[in-house]
Amino acid sequence: MTVIDNQTASDESIAAGNGVLGQRMLRKEDPALLTGEAVYTNDMVVPGALYMAVLRSPHAHATITSIDTSAALALPGVHSVYTGADMADQWAAPMPCAWPVTDDMKNPAHYPLAVSKVAYVGDGVACVLAETDSIAHDAIELIDVDYDVHRAVIDLEAALSDDVVIHDELGTNASYTWPLLIEENDGDCQKAMDEAAYVVSERYVQQRLIPMAMEPRAVVALPQPFGGDMTLYSATQVPHILKVMTALTLGIPEHQLRVVCPAVGGGFGSKLDVYAEELLCVQLARTLKVPVRWNEERSENALATVHGRAQIQDIELAADADGKLTGMRVRLTADMGAYLQLVTPGIPLFGAFLYAGVYELPKAYDFSCTGVFTTMTPTDAYRGAGRPEATYAIEHAMDALARKVGIDPLELRRRNFIPKESYPYEAFTGLVYDSGDHDKAASIAEGLIDYAGMRARQTEQNTPGSTKRLGIGVSTYFEMCGLAPSRVLASLNYSAGGWESATVRVLPTSKIQVVTGTAPHGQGHETAWSMIAADRFGVDPADVDVLHSDTAIAPLGLDTYGSRSLPVGGVAITMACDKVIDKARKIAAHQMEANEEDLEFSGGTFRVAGSPDKEMPLAAIAFEAFTAHDLPDGLEPNLEAQVTYDPPNFSWPFGTHMCAVEIDTETGDVDLLQYVAVDDCGNKVNPLIVDGQVHGGVVQGIAQALYEEARYDDDGTLQSSTLAEYLVPAASDVPPITLGESITPSPSNPLGVKGVGEAGTIGAAPCVMNAVVDALSGLGVQDIQMPASPLNVWNAIQQAQANHQETNQ
């Protein structure tokens, strides 16, 4: 990986303190991970635990006519077997969906085990508890289930008019239609289309993706021997949300439930959910008063953990004679899968506000999304969650518009960028983009890839008869992340808030303890949060301990997803540090008999201005606060502060990605030659972590563009349930990624930071696909649906040649 630093000096707001912020500090988490000392849920030793295995439906759509569990119960080592009917009366509520996007949204009741009907391959119908994991899996093979099989519903558009209704009680396969129509005096969408010099109408398909985290899910439910308390260990991103939803679903008093997520091997949104297996383990452990555990196998992960993307996008752009956008219409058909998981229906709506990307657009915007049930694995959040889909549509359509106007795609984007001087910019949706400098990011990327030189090389290489064609891809993006403020989320019918909590303590031995409501699963929070506190207090990051991912230790929090951890959770830590410093100032002023206003704090020490001999280090103040022998009247002992921060705005990172590909027209093979990413996430706490996040995100975006697809047959059976069929890129498939740097501090928070975890994924897929189409447009190829596999590319070339021959006849 190549890193290019385009900033000559650190921003003053990030350079305060002892200079820790902005340093490329190695991650504190890594030694335990690299040496195998980190404990994952499946590593836990739990004496006396029963192992659970789930029998899953082999049919996509069927009525359960009978279940015979006698053979499984007779197997030595089997403790018990439960069917959906056995447990039907044990749930206080169906599994939760926290985002009812419309008042009339249709949401079928969904229980951890199907009672009478299954709706996708992988739907749980029974579970076995046994002495070992292998016995449990042997036992589920002995359960005999009779099904009355119905036709599968896998065609997303046909499902809307299909006479086969998946959930009979709903009477339709449509869950909801959510519109966002903005037509005011200065803009009318249809009028814009009618009067435009150019109109492009495009259809794009966001294929289903399987998140494929390195660690499949795992659960341990550990009941206490008396009192009814329960500890749930889970490989989850959302311990606090899981605690609340489990309590509601099972009818457990929330104060009796503790949720812990040990080391978690990746999530990418797929572990942002409340799953059937978690609820089953807790309920069975509660009933039997013994620990119950479950570990997901890889093929099971492909069936039972949520999928991502899965949309059909119809987008129309209107533009004037210069290529300036004058209107936009978007119609989404979004695949919900068989049921609505925690935030399934709201995922497409994240993108509703970003289809205009980084471009000025008059108030001539017409968006509508229809959520559709199919007999496939439920969908939900996957890295970017609606934002990559929106960015793909606008960026791919901008290339189509550039071809129609007859200008370079980078030039077309520059004509439409929101100018730097327009920020803060109130978009047509009413949201306020707090900062941006899109031409700067584009210029940095342009220089790093030698855009002009690459275009010249393309002209020389892409001659008639050439079998190696060069393509250049451009993608720009805005990301709406930080998932806040709470009042805005309320306006979207989201059931939770957007706040985050932090507690900071200076212990009597002067070590710092940070308690955070965020729950990392690879992001490096222990390192970054240590750096924030160390910088504020003027101590070494090694002297800061970060506690997280345990609702008994960190009882307040809304967890980690949506690139929210730093701009919400990190800012909460900053504010808590500042409250502690304010309290320490009062103690120091009292001890030194000075006015608070005369004290200066730097390097971990308070000094009296103009009296360099009068100083008091934070360590001494911490001990004074602990002993409480001589504190100002009315001041509580100990140095501790808790802050719950609800941001005033979302966080708005942006960027430009560019890449070059070479395509073999005889085989359809796409060779990714060069990739450049310039992602502006405001000030950086740790650039090393930022680079890693961008690098990983870019690879996941490349994966969607070129490799990954969850494929179903006509019977609704997943054909890509293992890594032998579901293709993910290896390190050897990815070229060196050059990272340029643009820093535009956010004015919305005191750190000037923005999110970055999803940025690479948002920019990458359209960048690569634009390059692929750019390489082949001279052959008449106008689009290729993802993934651009050799077969799909070759077929597109053959179809374009056939169309050309037909036109010339």
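Start with the open sheet of this predicted model. Select its 7 strands and follow them across in the order S4-S6-S2-S13-S10-S11-S12. The pairing along the way is mixed. Now colour strand S4 (78–83) and strand S12 (257–260): these two stand at the edges. Each has a single partner strand, so one side of each is left without a neighbour in the sheet. If you turn the view, look for the twist, which averages 20 degrees from one strand to the next.

Next, zoom in on strand S2 (residues 50–56) and strand S6 (residues 124–130). They pair in the antiparallel sense, over 6 bridges. Click on Ala53, and you will find Val128 of S6 standing opposite. Then add helix H4 (residues 133–140), which packs on the sheet and touches S2, S4 and S6. The direction of H4 makes about 25 degrees with that of S2.

Time to move along the chain. Select helix H17 (residues 565–592) and helix H18 (residues 618–627), whose axes come within 10 Å. At what angle do these axes cross? They cross at roughly 90 degrees, which makes H17 roughly perpendicular to H18. Show the side chains where they meet: Ala584, Ile587, Ala588 and Gln591 in H17, with Leu618, Ile621, Glu624 and Ala625 in H18. By class, this contact has 6 nonpolar, 1 polar and 1 charged residues.

Your last stop is helix H20 (residues 759–776). Its 18 residues reach 27 Å from the first C-alpha to the last, close to the 26 Å expected at 1.5 Å a residue. Is H20 mostly covered or exposed? It is mostly covered, with 18 of its 18 residues buried.

How values were computed. Residues numbered from 1 in each chain as written. Predicted model: local features only at pLDDT ≥ 70, side-chain atom pairs only at ≥ 80, totals over all residues. Heavy atoms only, no water. Helix = DSSP H or I, 4+ residues; strand = E, 2+ residues; numbered from the N terminus. Expected span 1.5 Å × (residues − 1). Buried < 20%, exposed > 50% of the residue type's maximum accessible area, 1.4 Å probe, protein only. Pairing = 2+ DSSP bridges. Axes fitted to C-alpha atoms, helices over the stretch in contact; angles between N-to-C directions. Contact = heavy atoms within 4.5 Å. Parallel < 35°, antiparallel > 145°, perpendicular 65-115°, else oblique. Nonpolar A, V, L, I, M, F, W, Y, C, P; charged D, E, K, R; others polar.
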